[in-house]
Amino acid sequence: MKKSIIAAVAICMSLIGCTTKTQESKSLVLYYSQTGTTQAVAEEIGRLTNADIERMDVEEPYSGDFGQTIARCQEETAKGILPTVKPLNVNLDDYDTIFLGYPIWFGTCANPMLALLESVDFSGKKIVPFCTFGSGGLSTSVADIRKKEPNAEVLEGYGVRTARIAHMPKELDYFLKKNGYIAGEVAELPDFTEQKPVTEEEKELFNIACGDYQFPLGTPVTVGSRPIENATEYKYTVDSNGATSTIYVILGNEEGAKPEFTQVVR
Ligand SMILES: Cc1cc2nc3c(=O)[nH]c(=O)nc-3n(C[C@H](O)[C@H](O)[C@H](O)COP(=O)(O)O)c2cc1C
């Protein structure tokens, strides 16, 4: 008699355990990373949200070498092909929110992620894009995901420069709280001041922030600013060979802080 009660309790407990797991497992972090930067963001999202994590790859992985990857992508573009995605180890039906992560390649999602978007139907899912990049590509890649997945709800994304990855945990914590993925209150940021022609001082600030990037980022034309936590954020409109881009720069309030650009929006 006692044994059967214990067995019944054990069955109930395991059932409760299963139910809890299913409820907790509604979010998945699904990402591609070639050299580990996007992986670091994926792991932090997994840690903060408790979501499951799945790293995707392609049947013939990219080598990890920058030059070889560029050459292979150019060849794929010329042939109009994308790599073949390895089968995922997760069932996407189990999840309703997918944090979808990728590096930016050629201004948009890396080829393996483009291939995943071609081969998997995310209809009905909420997609939260996140990406890492040398200079930028969040908004263009999110626009491309929206085009490729018209029946998914593609939400606001998070992006970070490789060179600023140390700032990622704090920024991510803010992003996840602001969008309600984790508990916690965050202050709304004020609007930028009106764009005005740059002064010599603001031009110098821009040049320090962008000067050591491997490619020239253009000439600042106008700027607006706003206070953020312990820093000021600047929004520059920039003339890059006749095209206009927007470049965001942060300057910490502490003595001797060096301005850094956070992203280029083309
Ligand atoms: C083939 C290739 C193309 C890239 N194209 C861009 C680009 O267009 N814009 C950019 O800002 N960064 C570009 N990058 C830099 C990567 O986005 C950046 O290093 C990223 O953090 C790498 O992520 P991972 O370490 O997760 O692979 C490119 C890198 C590679 C390998």
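**Figure 1. Polar contacts between the ligand and the protein in the predicted model.** In this predicted model, a polar side-chain atom of Thr 35 lies 2.4 Å from an oxygen atom of the ligand. A second threonine, Thr 162, also places a polar side-chain atom beside the ligand, at 3.0 Å from an oxygen atom. At Ile 104 the polar atom belongs to the backbone, and the separation from an oxygen atom of the ligand is 2.6 Å. The ligand taken alone exposes 650 Å², and 86% of that area is buried by the protein.

**Figure 2. The shell of residues around the ligand.** The ligand has 20 residues around it, of which Ser 33, Thr 35, Thr 38, Ile 104 and Ser 135 come nearest. By residue class, the shell consists of 13 polar and 7 nonpolar residues, with no charged residue among them. Two helices, α2 (37–49) and α3 (66–79), and two strands, β3 (97–105) and β5 (126–133), each supply at least two residues of this shell. Where in the protein does the ligand sit? The ligand occupies the second largest pocket.

**Figure 3. The protein chain as a whole, as a frame for the close-up views.** The secondary structure of the protein chain amounts to 7 helices and 12 strands, and the C-alpha trace spans about 85 × 50 × 30 Å along its principal axes. Of the 266 residues in the chain, 41% count as buried.

**Figure 4. Ile 127 in strand β5.** Ile 127 is part of strand β5, one of the elements that each supply at least two residues of the shell around the ligand. Is Ile 127 buried or exposed? Because its relative accessibility is 0%, Ile 127 counts as buried. Although Ile 127 and Leu 100 are 27 residues apart along the chain, their C-alpha atoms are separated by 6.5 Å.

**Figure 5. Val 238 in strand β10.** Val 238 lies in strand β10, which covers residues 231–240. With a relative accessibility of 1%, Val 238 counts as buried, since the cut-off for that class is under 20%. Between the C-alpha atoms of Val 238 and Thr 222 the separation is 7.3 Å, for two residues that are 16 residues apart along the chain.

**Figure 6. Asn 241 in the loop that follows strand β10.** The loop between β10 (231–240) and β11 (243–252) contains Asn 241. Its phi is near 50°, a positive value in a residue other than glycine. For comparison, most residues other than glycine have a negative phi. How exposed is Asn 241, in terms of relative accessibility? The value for Asn 241 is 85%, so this residue counts as exposed.

**Figure 7. Asn 50 in the loop between α2 and β2.** Asn 50 is found in the loop between helix α2 and strand β2 (52–55), and helix α2 is among the elements that each supply at least two residues of the shell around the ligand. The phi of Asn 50 is near 70°, again a positive value in a residue other than glycine. Asn 50 counts as exposed because its relative accessibility is 58%, and the cut-off for the exposed class is over 50%.

**Figure 8. Glu 200 and Glu 201 in helix α7.** Both glutamates are placed in helix α7, which comprises residues 200–211. Glu 200 has a relative accessibility of 60% and therefore counts as exposed, and Glu 201, at 68%, likewise counts as exposed. From C-alpha to C-alpha, Glu 200 and Asn 253 are 20 Å apart in space, with their positions 53 residues apart in sequence taken as the distance apart. For Glu 201 and Glu 118, which are 83 residues apart in sequence, the C-alpha to C-alpha distance is 47 Å.

Note on methods. Residues numbered from 1 in each chain as written. Predicted model: local features only at pLDDT ≥ 70, side-chain atom pairs only at ≥ 80, totals over all residues. Heavy atoms only, no water. Near = heavy atom within 4 Å. Polar contact = N/O pair within 3.5 Å; in protein donor to acceptor, adjacent residues only side chain to side chain. Areas by Shrake-Rupley, 256 points an atom, 1.4 Å probe, with all protein chains shown as cover. 1 Å grid on protein atoms, 1.4 Å probe; cavity = no way out; pocket = protein on both sides within 12 Å on 5 of 7 lines; lining within 4 Å. Sits in = over half its atoms within 2 Å of the grid points. Helix = DSSP H or I, 4+ residues; strand = E, 2+ residues; numbered from the N terminus. Nonpolar A, V, L, I, M, F, W, Y, C, P; charged D, E, K, R; others polar. Buried < 20%, exposed > 50% of the residue type's maximum accessible area, 1.4 Å probe, protein only.
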